[in-house]
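Student: Could you walk me through this one? I'd like to start with a contact between side chains and work outwards from there.

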Amino acid sequence: MNQSNGDNLIRHEDELRRLDGVKWNRFPSDVLPAWVADMDLAPPSFAVEAVRNLVDRGDFGYNRRAIGLLPEAFSEWQQRYHGWRPAVDETLLFNDVLHAIQVCVWLHSRPGDGVVVLTPIYPPFRSSIAESGRRLVDVALEPEGWRLDPERLADAIDDTTSVLLLCTPHNPTGRVFDDEERQAIGRVVVDNDLMLISDEVWGDVTHPGSVHVPMATVDPAVASRTVTISSASKAFNLAGLRCALAHIGSASLADRFAALPSHFLGEVNSLGAEASLACWTEGHRWLEDTRRFLTDRRDQLKARVDAELPTVGFHQPEATYLAWLDLSAAGLGSDPAALLLDRARIALSSGPDFGENGRGFARLNMATSPQLLDRLVDRLVSVLAEPSR
Ligand SMILES: Cc1ncc(COP(=O)(O)O)c(C=O)c1O
């Protein structure tokens, strides 16, 4: 049975365990999963309806209806929520966000070139750079508040650096970089003639008081070096439908895309495109409700951590439904998630996968029911209250 949350439906554990998704299937049934970034909410009814329309009609032939409409819907959505009007003819569709990142890094840089990331950082950023034979350049965010130190960023750049791969809002810390930090990033990009790949997939999942500003709006010199990548997948819980989009602000990169063989990138599938289109045209109310729900979960977790987990550090995220927990004083070693899986039977994401400064940390996905979130915290509390072994 579902609990109603305004327009949104929180799925019950029994239903979640019947799904085939990785979140609820990877671990044995006594484990509560809070790792991969899927929400325990039913997908929006308009997205389900968009997919069902194709399924009911058996409309599985070549179908570019939504593919053709998506860049304009995205542009209107960005204009409405983030004050940015990306040009439709500069927008390309990709199967997913990582696909777009991988292709842009590959096209713009050469083997051995440096690609900067701000750590801790979403682990596939690191693997996609390393597997491309590019050099990972880690720039650590300041541990108190996860702010960017502009000097540290500038110092990390040398002649072989060609790309800054940014994630804003930032996974795992939930930071929304402010004007000063955005300007600093923009300056480094322009001064060193870097390409900025800005993964803004979390841009719609902000909490009250925080405003996501696309990097392409910082100034024209930055915009002309920026690729902005987004998808409806995080805000609307559609990750399995595989549909993303990139606005290519850099003319030289656009030329490289234009020179690719015509089938090199493939085409997104019509189910993902139709669902994404429905979200960016009908998703206003759903998103509003969901954001409220997620802020409540964030506040719920914060209140319990503050009251019951004195050894755990938790800087409240300004965006995302991810909690980046500092467990370094909790006596759980450098990879607390591994011990917590064993002792608390909760599955968090391993901090060290996010970079060197992720040691002692774990990421907790808060997008679940209040009851499940409480049970996750109960398990954490009971393990941390145990005398250390
Ligand atoms: C910052 C960021 N980028 C990309 C992705 C993955 O997106 P996709 O599945 O479309 O590659 C995620 C997923 O959580 C993410 O947090």
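Tutor: A good place to begin is R175 and E318, whose side chains meet in a salt bridge at 3.1 Å, N to O; the term means a side-chain nitrogen of Lys or Arg within 4 Å of a carboxyl oxygen of Asp or Glu. Keep in mind that this is a predicted model, in which local features need pLDDT of at least 70 and side-chain atom pairs count only at pLDDT 80 or more, while totals for chains, interfaces and linings use all residues. Residues are numbered from 1 along each chain as its sequence is written, and side-chain values use heavy atoms, with hydrogens and water left out.

Student: OK, and what are the domains here?

Tutor: The domain assignment, which is automatic or taken from a database, gives domain 1 as 3-43 + 284-385 and domain 2 as 49-282. Their centres, taken over C-alpha atoms, are 25 Å apart.

Student: How many salt bridges are there between domain 1 and domain 2?

Tutor: The count between domain 1 and domain 2 is one. The rule also finds 19 residue pairs in polar contact across that interface, both residues being at pLDDT 80 or more; a polar contact is a pair of N or O atoms within 3.5 Å, where within protein one must be able to donate a hydrogen and the other to accept it, and residues adjacent in sequence count only if both atoms are side-chain atoms.

Student: Which elements of domain 1 give two or more residues to the side that touches domain 2?

Tutor: They are α13 (284-308), β12 (322-326) and β15 (361-365), where helices (H or I, at least four residues) and strands (E, at least two) are DSSP runs numbered from the N terminus. The largest share, eight residues, comes from α13.

Student: And how much area do the two domains bury?

Tutor: About 2900 Å² is buried between domain 1 and domain 2, 57% of it on carbon and sulfur atoms; this is the accessible area (1.4 Å probe) that the two parts lose on being put together, summed over both.

Student: Switching topic, what order do the strands of the open sheet take?

Tutor: The four strands run β11-β12-β15-β14, with antiparallel pairing, and two strands count as paired if DSSP finds at least two bridges between them. Because β11 (313-314) and β14 (349-350) stand at the edges with a single partner strand each, one side of each is left without a neighbour in the sheet. Within β12, D326 stands opposite G313.
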